[in-house]
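Colleague: I should like to go through this model with you, from its overall build to its metal site. Could you show it first?

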Amino acid sequence: MPPYAHFLLAAVLTGLPAFAQPHQVSDAEVARVQRSAILIDTHNDVTSFTVDGLDIGPRRATGHTDLQRLREGGVGATFFAAFVDKKYVKTNQSAHRTLEMIDTIRHDIVDRYPGQVRLALTARDIETAHRQHKFAALIGIEGGHAIEDSLRLLRDYYALGVRYMTLTHGNTNNWADSSGDIDDPTVTHHNGLSPFGRDVVREMNRLGMMVDISHVADKTFWDVLAVSTAPPFASHSSCRAVSDIPRNMTDEMIVALAKKGGVVDVNFGCEFVSQKSADAGMPWMHRIMAAPGDEERNALMEQYRKEIVRAHLDDAVAHIDHIVKIAGIGAVGIGSDFDGVECTPIGLDDVSKYPNLTRALLERGYSARDIRLIYGGNVLRVMRAVEAESARLRAAK
Ligand SMILES: [Zn+2]
């Protein structure tokens with residue numbers, strides 16, 4: 001029996017690349033592979049702080065994101081979240097808040113640092129920024145209530161540079177069910193997407209706005225898969241088979257999304273990657289989400305912070321392994337949720353720590369080409385497919 005037979009068999013069974021054995025990786029190799037990739041992170045919430053005045057430039061002692069640490073981490077592009085909390089629905093200010101969040105990306109991140117950052121609207125823009133040694137900033141709306149049930153607002157947001165929309169946040173809106181309140185009998189549900197919700201997806205296809213299925217209820221996901229003519233994607237979700245929470249995706253969903261050409265961008269939040277963290281943290285999450293006001297929510301957050309069970313970098317890698325195993329190397333990407341989650345894994349603490357992930361992947365036998373696909377190649381493929389489908393639909397009109 002050849003000396004590596006057991007490892008090769010194990011590699012086949014786990015779906016890991018079967019051509020390499022676990023090995024020590026030099027700093028130079030980590031740096032070389034990292035430099036050869038365009039690392040695209042499809043979900044970052046630092047905008048929830050920049051909108052209140054945070055300067056993203058200098059290194060800060062807290063939080064997960066600033067320009068200095070993005071450089072250290074070798075991050076090439078980030079989709080910043082124009083996140084709209086459900087509280088704005090009550091006061092009819094969802095569109096107002098969306099415009100403020102778009103402005104903080106354009107004004108406080110892009111325009112404030114023109115020498116370092118450029119706004120990207122297409123896959124090609126990301127590649128151009130990378131060649132110019134600039135960081136590419138992109139805009140994704142989180143929470144479909146942002147459009148206030150108007151396709152006209154959806155088109156306005158596209159014109160302002162929005163290139164994906166997460167159809168729901170933790171709240172079901174007037175046209176799509178969310179995983180966050182699907183078991184709440186006081187909420188009016190639609191059994192997935194309503195007829196208008198289907199129109200929203202079709203108009204996103206026509207515009208060339210990526211359809212993001214993170215946060216949606218399972219039935220909404222299946223409806224999107226049936227309606228969308230471009231590949232949808234998950235901007236920040238992980239695998240339920242590894243950490244069983246409603247925000248993560250079942251194997252069946254991951255395989256179906258991959259068959260449609262989509263990608264699952266792994267969320268690094270502790271509860272998303274580790275069952276232990278989820279078991280300890282989810283009861284807190286439910287209480288925090290149900291808090292009637294900001295004051296109650298902040299008090300609960302304070303208590304939760306003391307009881308956090310942290311995950312480890314290896315837990316995040318396990319999700320990448322799992323997606324590759326069931327759906328192939330083309331189905332996985334990075335959607336960290338940095339600055340949107342309270343707890344990040346040890347070793348993957350913030351945006352500067354990506355070289356640790358590169359090392360871990362190389363040590364597990366992933367090739368430089370595999371890592372380039374995981375880090376950005378797969379997302380660029382989805383963006384190009386969405387752009388091409390938009391061009392086709394616009395030409396057909
Ligand atoms: Zn989210």
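The exchange below takes up the fold and then the metal site.

Modeller: Please bear in mind that this is a predicted model.

Colleague: What is the radius of gyration of the protein chain, and how does it relate to the globule rule?

Modeller: The protein chain holds 17 helices and eight strands. For its 397 residues the globule rule gives 21 Å, and the chain comes close to that, so it is as compact as a globular protein of that length. The radius of gyration is 20 Å.

Colleague: What percentage of the residues in the protein chain is buried?

Modeller: Buried here stands for under 20% relative accessible area. The accessible surface of the chain is about 16,500 Å², and carbon and sulfur atoms contribute 54% of that surface. Of the 397 residues, the buried share is 56%.

Colleague: Which residues coordinate the zinc ion?

Modeller: The donor residues follow the spacing E-x72-H-x20-H in sequence. Their donor atoms, OE of the glutamate and NE2 of each histidine, lie at 2.0 to 2.2 Å. The zinc ion is thus coordinated by Glu-142, His-215 and His-236.

Colleague: Where in the chain do Glu-142 and His-215 lie, and are they buried or exposed?

Modeller: Glu-142 belongs to strand β4, residues 135–142, while His-215 sits in the loop between β6 (210–212) and α10 (218–227). The pair links distant parts of the chain, being 73 residues apart. As to accessibility, both Glu-142 and His-215 are buried.

Colleague: How far apart are the mean positions of the positive and negative charges?

Modeller: The protein chain carries 44 positive and 51 negative charges. The distance between their mean positions is 6 Å.

Conventions: Residues numbered from 1 in each chain as written. Predicted model: local features only at pLDDT ≥ 70, side-chain atom pairs only at ≥ 80, totals over all residues. Heavy atoms only, no water. Helix = DSSP H or I, 4+ residues; strand = E, 2+ residues; numbered from the N terminus. Rg over C-alpha atoms; globule rule 2.2 N^0.38 Å. Buried < 20%, exposed > 50% of the residue type's maximum accessible area, 1.4 Å probe, protein only. Areas by Shrake-Rupley, 256 points an atom, 1.4 Å probe, with all protein chains shown as cover. Lys, Arg positive; Asp, Glu negative; His and termini not counted. Charge placed at Lys NZ, Arg CZ, Asp CG, Glu CD. Donors = N, O, S within 2.8 Å, 3.2 Å for Na, K, Ca; no water.
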